[in-house]
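The exercises below are meant to be worked with the sequence and the model side by side. Try each task before reading the solution that follows it.

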Amino acid sequence: MASRIKTREITIKESQGAFSVFKKSSKTAKKDYDFSGMLALRQLLSNEKARILNVIKHNKPSSIYELAKILERGFKSVNDDIKLLERFGFIDLIEEKTKNRVRYRPEIVVDSVVININV
């Protein structure tokens, strides 16, 4: 793993009396995303997402199913949270083939998050 710190930057802008969320990507990001409203940011920064990131970092689960078992949560809800974290560029899903199956190993790809609020 590279020793370089990878940062994700999220900027919140005020626009006509409402906030809009824009994700600015670093060089390692897949895409830029444009989200309206604070709901997307709240969903991203929930305690469950923080818990998922912590478990991935320290336990290094070999699949989403194993992650769900460690968290003692349902597979579907964990999978939905993983998809959101992947969409924002916090994790990557590494495809691994085992026998006749394909499983996805979650891996953290950022070290820090910077949130800017422009009013």
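Before starting, note that just after α4, the residue Gly 89 takes a positive phi of about 85°, and that the model is a predicted one.

**Exercise 1. Establish the overall layout of the protein.**

Step 1. Counting the secondary structure elements gives four helices and six strands.

Step 2. Placing these elements in sequence order gives the pattern β-β-β-α-α-α-α-β-β-β.

Step 3. Turning to burial, one finds that buried residues make up 34% of the 119 residues, while the accessible surface comes to about 7,900 Å², with 50% of that area belonging to carbon and sulfur atoms.

Step 4. Of the contacts with a separation of 6 or more, 47% are accounted for by residues 24 or more positions apart.

**Exercise 2. Check the length of helix α4, and list which of its residues are buried.**

Step 1. Helix α4 covers residues 75-87, which is 13 residues, and at 1.5 Å a residue it should span 18 Å. The expected span uses one less than the number of residues.

Step 2. The C-alpha atoms at the ends of α4 are 18 Å apart, so the model agrees with the expected span.

Step 3. Applying the cut-off for burial, under 20% relative accessible area, the buried residues of α4 are Val 78, Asn 79, Asp 81, Ile 82, Leu 84, Leu 85 and Glu 86.

**Exercise 3. Describe the largest nonpolar core and the surroundings of Leu 85.**

Step 1. The largest nonpolar core has 21 residues, and those with the most contacts inside it are Ile 52, Leu 67, Val 78, Ile 82, Leu 85, Phe 90 and Ile 91.

Step 2. At least two residues of this core come from each of α1, α2, α3 (64-71), α4 and β4 (91-98).

Step 3. Leaving aside residues up to four places away in sequence, Leu 85 touches Leu 44, Lys 49, Ile 52, Leu 53, Phe 90 and Ile 91.

Step 4. As background, nonpolar side chains tend to be buried together in soluble globular proteins.

**Exercise 4. Examine three of the salt bridges, stating for each partner whether it is buried or partly exposed.**

Step 1. A search of the whole structure finds eight salt bridges.

Step 2. Arg 51 pairs with Glu 48, their closest N and O atoms being 3.1 Å apart. The two residues lie three residues apart in helix α2, and are therefore separated by about one helical turn. Arg 51 is partly exposed at 33% relative accessible area, and Glu 48 is likewise partly exposed, at 29%.

Step 3. Arg 73 pairs with Asp 81, with 2.8 Å between the closest N and O atoms. Here Arg 73 is partly exposed at 22%, whereas Asp 81, at 11%, is buried.

Step 4. Arg 103 pairs with Glu 96, the closest N and O atoms being 3.7 Å apart; Arg 103 is partly exposed at 31%, and Glu 96 is partly exposed at 22%.

Step 5. Salt bridges also link Glu 48, Lys 49, Arg 51, Arg 73 and Asp 81 in a network.

**Exercise 5. Identify the residues of a nonpolar surface patch and locate Leu 45.**

Step 1. Leu 45, Val 113, Ile 115 and Ile 117 make a nonpolar surface patch of about 320 Å².

Step 2. Leu 45 is found in the loop between α1 (39-44) and α2 (47-59).

Step 3. A patch residue must have over 30% relative accessible area, and Leu 45, which is partly exposed, has 43%.

Methods: Residues numbered from 1 in each chain as written. Predicted model: local features only at pLDDT ≥ 70, side-chain atom pairs only at ≥ 80, totals over all residues. Heavy atoms only, no water. Patch = residues over 30% accessible without salt bridge, like charges linked within 9 Å, V, L, I, M, F, W, Y side chains within 5 Å. Areas by Shrake-Rupley, 256 points an atom, 1.4 Å probe, with all protein chains shown as cover. Salt bridge = Lys/Arg side-chain N within 4 Å of Asp/Glu carboxyl O. Buried < 20%, exposed > 50% of the residue type's maximum accessible area, 1.4 Å probe, protein only. Core = buried A, V, L, I, M, F, W, Y, C linked by side-chain atoms within 4.5 Å. Contact = heavy atoms within 4.5 Å.
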